[in-house]
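Work through the exercises below with the structure open. Try each task before reading its solution.

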Amino acid sequence: MQQKPDTPKGRKSPKLKRMGLHERAAARMRTMIIRGELPPGSQTQETKLSKELGVSRTPLREAMKVLAAEGLIELRPNRSPRIADIAVEDISELFEALAGIERLAAELAAERATERDLARLRTLQTRMEGHHRNGKLDDYFAINGEIHNTIVRMARNTPLREAHETLISRAERARYLALGADKRWSNSVDEHANILAALEARDSEAAGRLLGAHVRQTGIALLETLALKPKLTAA
């Protein structure tokens, strides 16, 4: 009688394992692309990547399909996939859309967030400021993204959250690069502090305005950075 539950479990395990492998590979490659370890325009080397990520070529190729859907990798017939360039012409529109989504999210969050939500946001802000003081850019970036995602979730609007998830995956590499712009890192910390204050005051108009401006400024900082590094926009 115990054979029935054992059999389906045995059949499902390999599939779940493969899914886990390609998802983990995609996550690691995404981080490598965002941080510039896999630079724009470079070709991927399957053998090298498979060894570095600890996966075979099958889950690696599945991972690349995921990243291609996010606009981070270009899949080319009969040629090695390449890391997608950061297209300058798309930056303004992307951050314009993100600014609109996050502005609305902040307005709703100011009205709908619980005290527990705000306490968590305050904790994240404190941690982020600590990473800034210690010059830990990667740790800062991770917390920064978590803060943005938390504010969107605090809006408690599923279509809004889904739209944000779609766009933010395309903007992660750009956001990381923008932090390297002159004074952008320090300015970002101050802007986040003001956004948090508006949310805690339940001032929906100010929270929305400040977060929207913050996201737009990130896009502007990125364009300024790209202007100094034309090779990142090469086709």
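**Exercise 1.** Is R202 buried, partly exposed or exposed in this predicted model?

*Solution.* Start with the value: R202 has a relative accessible area of 32%. Next, recall the cut-offs: buried means under 20%, exposed means over 50%, and partly exposed lies in between. R202 is therefore partly exposed.

**Exercise 2.** Where does R202 lie, and what is the sign of its phi?

*Solution.* First find the position: R202 is in the loop between α8 and α9. Then read the backbone angle: phi of R202 is positive, about 60°, although the residue is not a glycine. For comparison, most residues other than glycine have a negative phi.

**Exercise 3.** Describe R156 by the steps used for R202: place, phi and accessibility.

*Solution.* The place of R156 is the loop between α6 and α7. Its phi is about 55°, a positive value at a residue that is not a glycine. The relative accessibility of R156 is 46%, so R156 counts as partly exposed.

**Exercise 4.** How many helices and strands does the protein chain have, and in what order do the elements run?

*Solution.* Count each type: the chain has 9 helices and 2 strands. Now follow the chain from the N terminus: the order is α-α-α-β-β-α-α-α-α-α-α.

**Exercise 5.** Which residues have the most contacts inside the largest nonpolar core, and which element gives the largest share of this core?

*Solution.* The largest nonpolar core has 48 residues. Those with the most contacts inside it are I91, F95, L121, I147, I151, L199 and L222. Next, list the elements that give two or more residues to this core: α4 (88-112), α5 (115-133), α6 (137-154), α7 (158-178), α8 (184-200) and α9 (204-228). Of these, α4 supplies the largest share, 11 residues.

Now take one core residue as an example. Leaving aside residues up to four places away in sequence, I91 touches I86, A174, G219, L222, L223 and L226. A second, separate core has 16 residues, among them A25, A26, L49 and L60.

**Exercise 6.** What share of the residues is buried, and what share of the exposed area comes from carbon and sulfur atoms?

*Solution.* The protein chain has 235 residues, and 43% of them count as buried. The chain exposes about 13,100 Å², of which carbon and sulfur atoms supply 51%.

**Exercise 7.** Among contacts with a separation of 6 or more, what percentage joins residues 24 or more positions apart?

*Solution.* Keep the contacts with a separation of 6 or more, then select the pairs 24 or more positions apart: these account for 76%.

Key. Residues are numbered from 1 along each chain as its sequence is written. This is a predicted model: local features need pLDDT of at least 70, side-chain atom pairs count only at pLDDT 80 or more; totals for chains, interfaces and linings use all residues. Side-chain values use heavy atoms; hydrogens and water are left out. Helices (H or I, at least four residues) and strands (E, at least two) are DSSP runs, numbered from the N terminus. Buried means under 20% relative accessible area, exposed over 50%, partly exposed in between (1.4 Å probe, protein chains only). Contact means heavy atoms within 4.5 Å. Accessible areas come from the Shrake-Rupley method with a 1.4 Å probe; for residues, only the protein chains shown count as cover. A nonpolar core is a set of buried Ala, Val, Leu, Ile, Met, Phe, Trp, Tyr and Cys residues joined through side-chain atoms within 4.5 Å.
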